[in-house]
Amino acid sequence: MTDALSLIDDWGPEKIVVVSHRRTGMKGVLVIDNTARGIGKGGTRMSPGVTVDEVARLARVMTWKWAGVDLFYGGAKAGIVADPASPDKEGILRAFARALSNEVPREYVMGLDMGLTESDAAIIQDELGDRGAAVGTPEHLGGVAYDRLGVTGYGVVEATDAAAQVLDLPLAGSRVAIQGFGAVGAAAARRFAELGATIVAVSTAHGAVHNPSGLNVERLLAAREEHGDHFVTRSDQGTALTTPGAELTVDCDILVPAALQDVITSSTAHQIKAKLVVEGANLPTTPDAQVILAERGITVLPDFVANAGGVVAAAFAMDARYSGFRPDTSEIFATISTKLRANATTVITEAQRRETTTHAAGRALAEERVRTAMRSKGRIPLS
């Protein structure tokens, strides 16, 4: 079991709150990592395997992600130890929200992550009687439809395009493999296709499909709509890959891990054939793997740069919590494109200049922004 005190370093966490409710069986945790630049904002996930350590790691990613896109919120994350398919889900959610009523929304605003839906965000608002308690609610309640709009996947491709230009790797004609074909991966595949890239592999938890000549994205999306994640085992577009993670090592120019964390390990890093790895998921590449990929001349676009489209959209949703007006969708997309393209270019050129990994270069930039805020607020010495 993780000792919560051992998680504390120079940046945080500032607060770890563990909650439970005996009648519903609810168990959960909130980690507020660093609020020097604003109140804590990050998604809330529900999974039987949620741990304090996992939530703390993700809260730290949010600290760097908000600072990386230069938006004024702090890193935080919450997790509920439960099966999202449980018939008691609503009761568990309500118990979790009540247990955190001292922190929400004054110190932390809930959002959507793995296992939660737009209706769940609405339930949280309802339980606390406060529209400011959560973002990610349905459009008919004034929310931003992240998944329908595909904002995170769109941002992944905008950042990829900017990175590819720095690397002299034209996106049009590039071969792309995507691990994960959920909201992020599917939206990314559609945007890649629009910009002329060729999708050669996609995967879900049930397997992968691979075709070196290219997959028809619209047919894949239609098959996913009809069959769910099992579509990869029914597709007639290419070869089914049954070995878990095989899509990570197919021959391609760009690899987008957009599913789980820690999937690219030191072992996998030696087998990757892509020239550019774009982290669509949070924490998909281990620190050892990052070093190996850099030594092999493979550029990695970090998660806090590549998948920050969701946090840009969340910033618009945060502003709209108490407004009678919906955020302007076109403004959201324009801001995602501008910010993520600029950040991708900056991080890669900084890594080249410093002769270090892109993660180190990107985090150094984010750290300096957080450090400056901490110093201004008297949280660390002025010198």
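Buried means under 20% relative accessible area, exposed means over 50%, and partly exposed is in between, with a 1.4 Å probe and protein chains only. By that scale I16 is partly exposed, with a relative accessible area of 27%. The model is predicted, so local features need pLDDT of at least 70 and side-chain atom pairs count only at pLDDT 80 or more, while totals for chains, interfaces and linings use all residues. Residues are numbered from 1 along each chain as its sequence is written, and side-chain values use heavy atoms, with hydrogens and water left out.

**Stop 1: I16 and strand β1**

Select I16, which is found in strand β1. Helices (H or I, at least four residues) and strands (E, at least two) are DSSP runs, numbered from the N terminus. Now show the contacts of I16, where contact means heavy atoms within 4.5 Å. Leaving aside neighbours within four places in sequence, I16 is in contact with A4, L7, V29, L30, V31 and V52. For a longer view, add G129: the C-alpha atoms of I16 and G129 are separated by 24 Å, and the two residues are 113 apart along the chain.

**Stop 2: I32 and P13**

Go on to I32, in strand β2 (residues 26-34). Is I32 buried or exposed? At 2% relative accessibility, I32 counts as buried. Not counting residues up to four places away in sequence, I32 touches P13, E14, K15, G75, A76, E107 and Y108. V157 is 125 residues from I32 in sequence, and the C-alpha to C-alpha distance is 29 Å.

From that contact list, pick P13, which lies in the segment before β1 (15-21). The peptide bond from G12 to P13 is cis, with omega near 0 degrees.

**Stop 3: backbone details in the loops**

Select V104 and P105, whose connecting peptide bond is cis, with omega near 0 degrees. P105 sits in the loop between α2 (89-99) and β6 (108-109).

Next is D70, in the loop between α1 (52-68) and β5 (74-81). D70 is not a glycine, yet its phi is positive, near 60 degrees. Its relative accessible area is 32%, so D70 is partly exposed.

D168 also has a positive phi near 60 degrees in a residue other than glycine. Look for D168 in the loop between α5 and β7. At 67% relative accessibility, D168 counts as exposed.

**Stop 4: an aromatic pair**

Rings of Phe, Tyr and Trp (its six-membered ring) pair if their centres lie within 6.5 Å; planes under 30 degrees apart count as stacked, over 60 as edge-to-face and the rest as tilted. By this rule the count comes to four aromatic pairs. One of them is F181 with F231, a tilted pair with 5.4 Å centre to centre and 50 degrees between the planes. The pair links distant parts of the chain, 50 residues apart: F181 is in the loop between β7 (175-179) and α6 (183-194), and F231 is in helix α8 (residues 231-234). F181 is buried, with a relative accessible area of 2%. F231 is buried too, at 1%.

**Stop 5: α5 against α13**

Colour helix α5 (residues 151-166) and helix α13 (residues 329-354), which pack at an angle of about 40 degrees with their axes 8 Å apart. Axes are lines fitted to C-alpha atoms, for helices over the stretch in contact, and angles run from 0 to 180 degrees between N-to-C directions. Angles under 35 degrees count as roughly parallel, over 145 as roughly antiparallel, 65 to 115 as roughly perpendicular and the rest as oblique. α5 and α13 are therefore oblique to each other.

Residues to display on α5 include V151, Y154 and V166, and those they meet on α13 are among a set including I332, F333 and Q352. By class, this contact of α5 with α13 has 13 nonpolar, six polar and three charged residues. Here Ala, Val, Leu, Ile, Met, Phe, Trp, Tyr, Cys and Pro count as nonpolar, Asp, Glu, Lys and Arg as charged, and the others, Gly among them, as polar.

**Stop 6: α13 against α14**

Keep α13 and add helix α14 (residues 358-376): the two pack at an angle of about 110 degrees, with their axes 8 Å apart. α13 and α14 are therefore roughly perpendicular to each other. T346, V347, I348, E350, A351 and R354 in α13 meet T358, A361, G362, A364 and L365 in α14. That contact of α13 with α14 has six nonpolar, three polar and two charged residues.
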